[in-house]
Amino acid sequence: MRRFAPLCEQGEHLAPILVEDLEDLYENAPCGYFSLCPEGIIVKVNETFCSWTGYSKGEILGRRLRDMLNMGSRIFYETHFAPLLRMQGFFNEVALDVITSTGEKLPVLANAKERRGADGELLFTRVTIFLASERRTYERELVRAKAAADALSREAKERLEAEQAQRELRDQFIAILGHDLR
């Protein structure tokens, strides 16, 4: 349901501006969004995340986040992600790979924040997921470019050292030749 409200006046016209419906905002956000209960089970998920992964809500709800990750991300989740979340109550920009319904790897960046009650008890954890395919490609290209630049730098250094050694040999030869000629 869309509702319009005149919020600003421009001359004689009122400009209608869309007043967002919160449910639509949640479901169709430009990021994946889900909530985990204290046991780490997904209890709420938005349509954006479902469309990215190819799973229906029914296939995601009740699963653990770690079970949707590839092996490397699962190990990282268990050894770094979950302890960091428990220790500081949030984390930002953690790179993970989610496995889609077709078995493909979906590179993402995750942010999470715990929500605690007045008594400090963990109520739930909110997680946002951002697609990172292009970013990961860019990062791999940067690593390759750095490796190529390092290789060129090593080659240039080796050439300079070889030229310096040749100059030293030439100088020694000229010195010996000059000595023998005298």
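Let's start with one residue: Lys-57 is partly exposed, with 25% of relative accessible area. In these terms, buried means under 20% relative accessible area, exposed means over 50%, and partly exposed is in between, using a 1.4 Å probe and protein chains only. Keep in mind that this is a predicted model, where local features need pLDDT of at least 70, side-chain atom pairs count only at pLDDT 80 or more, and totals for chains, interfaces and linings use all residues. Residues are numbered from 1 along each chain as its sequence is written, and side-chain values use heavy atoms, with hydrogens and water left out.

So what does Lys-57 pair up with? Lys-57 forms a salt bridge with Glu-47, and their closest N and O atoms are 3.9 Å apart. A salt bridge here is a side-chain nitrogen of Lys or Arg within 4 Å of a carboxyl oxygen of Asp or Glu. Because Glu-47 sits in helix α2 (residues 47-53) and Lys-57 in helix α3 (residues 57-60), the pair ties together parts that are 10 residues apart in sequence. Helices (H or I, at least four residues) and strands (E, at least two) are DSSP runs, numbered from the N terminus. Glu-47 is partly exposed too, at 39% relative accessibility.

Now hop over to Arg-86. Arg-86 makes a salt bridge with Glu-114, with the closest N and O atoms 2.2 Å apart. This pair links distant parts of the chain, as Arg-86 belongs to helix α4 (residues 71-88) and Glu-114 to strand β6 (residues 105-116), 28 residues apart. Is each partner buried or exposed? Arg-86 is partly exposed at 41%, while Glu-114 counts as buried at 8%. Glu-114 also forms a salt bridge with Arg-116, where the closest N and O atoms are 2.9 Å apart. Arg-116 counts as partly exposed, at 33% relative accessibility. Back at our starting point, salt bridges with shared partners join Glu-27, Glu-47 and Lys-57 into one network. The full count comes to 6 salt bridges. As a general idea, side chains of opposite charge can pair when their charged atoms come close.

Let's zoom out. The protein chain has 5 helices and 7 strands, and from the N terminus on they run β-β-α-β-β-α-α-α-β-β-β-α. Of its 182 residues, 27% count as buried. The chain exposes about 12,700 Å², with carbon and sulfur atoms supplying 57% of that; such areas come from the Shrake-Rupley method with a 1.4 Å probe, and for residues only the protein chains shown count as cover.

What about the inside? In soluble globular proteins, nonpolar side chains tend to be buried together. The largest nonpolar core has 24 residues, and those with the most contacts inside it are Phe-34, Phe-49 and Ile-60. Such a core is a set of buried Ala, Val, Leu, Ile, Met, Phe, Trp, Tyr and Cys residues joined through side-chain atoms within 4.5 Å. Leaving aside neighbours within four places in sequence, Ile-60 is in contact (heavy atoms within 4.5 Å) with several residues, including Ile-42, Val-45, Phe-49 and Met-68.

One last stop is Glu-93, in strand β5 (residues 90-99). Its phi is near 55 degrees, a positive value in a residue other than glycine. Glu-93 counts as exposed, at 53% relative accessibility.
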